[in-house]
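Colleague: Before we begin, may I see the sequence and the structure? I should then like to ask how certain terms are justified.

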Amino acid sequence: MAVTVKSHITFHSFCTQIAKPPERGVVTGFLVNRCGLSQEDIAKAFRHSKGLLRAKSSQTMEEALKLLNDTGLTNPAQIRRVVLSNPQFLFLRAERNIKPKPTLLGTFMKKEDIFKLCIGSAQGFSTSEDKLKSTISFLQRWGFEGPALSELVARRPRLLTMSGEKVVESFKQIESLGFRKGSKGFAHAMRAMFGLGKEHIDRRLRCLRSLGFSEKQSSEISRRCPSILAISEENLKRHVDFLVKSAGFTLADLLKYPTLLVLSLEKRIIPRNRVMEALKTMQVLKTEMICPGIFKLTEEQFLEKCVNKNAESLVLEMFTTGRKMES
């Protein structure tokens with residue numbers, strides 16, 4: 001009986017806390033009226049940050065919003081995106097955490113990259129000024145300057161809070177793959193591979209070798225397209241399987257055009273391959289080989305180059321093919 005009573009009291013207490021959260025009305029009102037969020041947006045923000053549920057007033061949020069406006073982020077769509085992507089930002093102590101940072105960040109970051117940093121993480125604003133200055137000085141010594149430094153910090157804000165030893169470890173790992181410190185390739189590899197770890201990278205290189213690439217070719221692919229090392233092994237295998245067996249490319253082609261391995265298979269490669277196969281059937285293409293560059297075109301470029309001028313015949317061909325597949 002005692003156990004039952006204890007359980008009942010605990011459940012009742014829990015229900016009372018959930019049913020009447022004193023802070024939710026304050027937060028909801030602020031997000032709707034000051035940040036332009038909908039109820040659906042608020043549900044997403046609550047899911048990502050329990051801090052919203054603990055707010056006792058809107059004062060901290062008001063101060064954070066004002067400082068966001070002072071940084072140049074005055075567009076309602078920008079504010080909404082920052083809050084949805086990084087709701088913790090609203091709960092930083094404005095005077096201590098946010099106010100000093102835009103000026104400092106502005107000394108080496110472009111305005112659009114500061115916006116990306118606001119969206120991506122609160123880390124750049126919760127880090128102390130001394131730590132921030134130390135990290136920036138360290139990155140400059142490693143050859144990151146100007147736009148490269150700005151973009152790196154915007155895309156990898158963890159750099160601002162990680163220990164120097166961990167950052168050096170990542171940098172040396174990238175150097176070991178053949179990237180020269182301070183080069184554009186090094187900066188690109190850093191954005192793609194930062195934080196992956198030696199074991200992770202070794203597994204991806206082994207996966208490439210298991211797919212038929214030699215050790216030298218695997219290293220070359222990773223240098224030419226470091227993003228390959230960040231995708232899952234399953235995804236990598238599916239790409240190679242489709243591109244070789246269905247699209248007709250050889251491993252030598254993939255070595256020459258390694259970015260094919262990181263483009264979306266479902267959203268880009270497979271749909272475009274179907275269109276190109278239809279054009280081959282219509283004898284519009286002058287060669288049996290599909291040019292790899294087709295997959296790198298933007299959506300608008302692909303439609304203009306391959307679809308729009310062949311629209312009627314292409315629709316008929318794809319419809320006919322579909323009917324044959326159904327029968």
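**Terms and their grounds**

Modeller: His239 touches Leu260, Leu261, Val262, Leu263, Ser264, Leu265 and Ile269, leaving aside residues up to four places away in sequence; contact means heavy atoms within 4.5 Å. This is a predicted model, in which local features need pLDDT of at least 70, side-chain atom pairs count only at pLDDT 80 or more, and totals for chains, interfaces and linings use all residues. Residues are numbered from 1 along each chain as its sequence is written, and side-chain values use heavy atoms, with hydrogens and water left out.

Colleague: Why is His239 called buried?

Modeller: Buried means under 20% relative accessible area, exposed over 50%, and partly exposed in between (1.4 Å probe, protein chains only). His239 has a relative accessible area of 2%, and is therefore buried.

Colleague: How do you know that the length of helix 4 agrees with its number of residues?

Modeller: The expected span is 1.5 Å times one less than the number of residues. For the 12 residues of helix 4 (residues 59-70) that gives 16 Å, and the end C-alpha atoms are 17 Å apart, so the two agree. Helices (H or I, at least four residues) are DSSP runs, numbered from the N terminus.

Colleague: Which residues of helix 4 are buried, and what puts them on the same side?

Modeller: Met61, Ala64, Leu65, Leu67 and Leu68 are buried in helix 4. They cover an arc of only 165° around the axis, so they lie on the same side of helix 4; the arc is that of the directions from the helix axis to the C-beta atoms. The face turned away from this buried side carries the exposed residues Gln59, Lys66 and Asp70.

Key:
Helix = DSSP H or I, 4+ residues; strand = E, 2+ residues; numbered from the N terminus.
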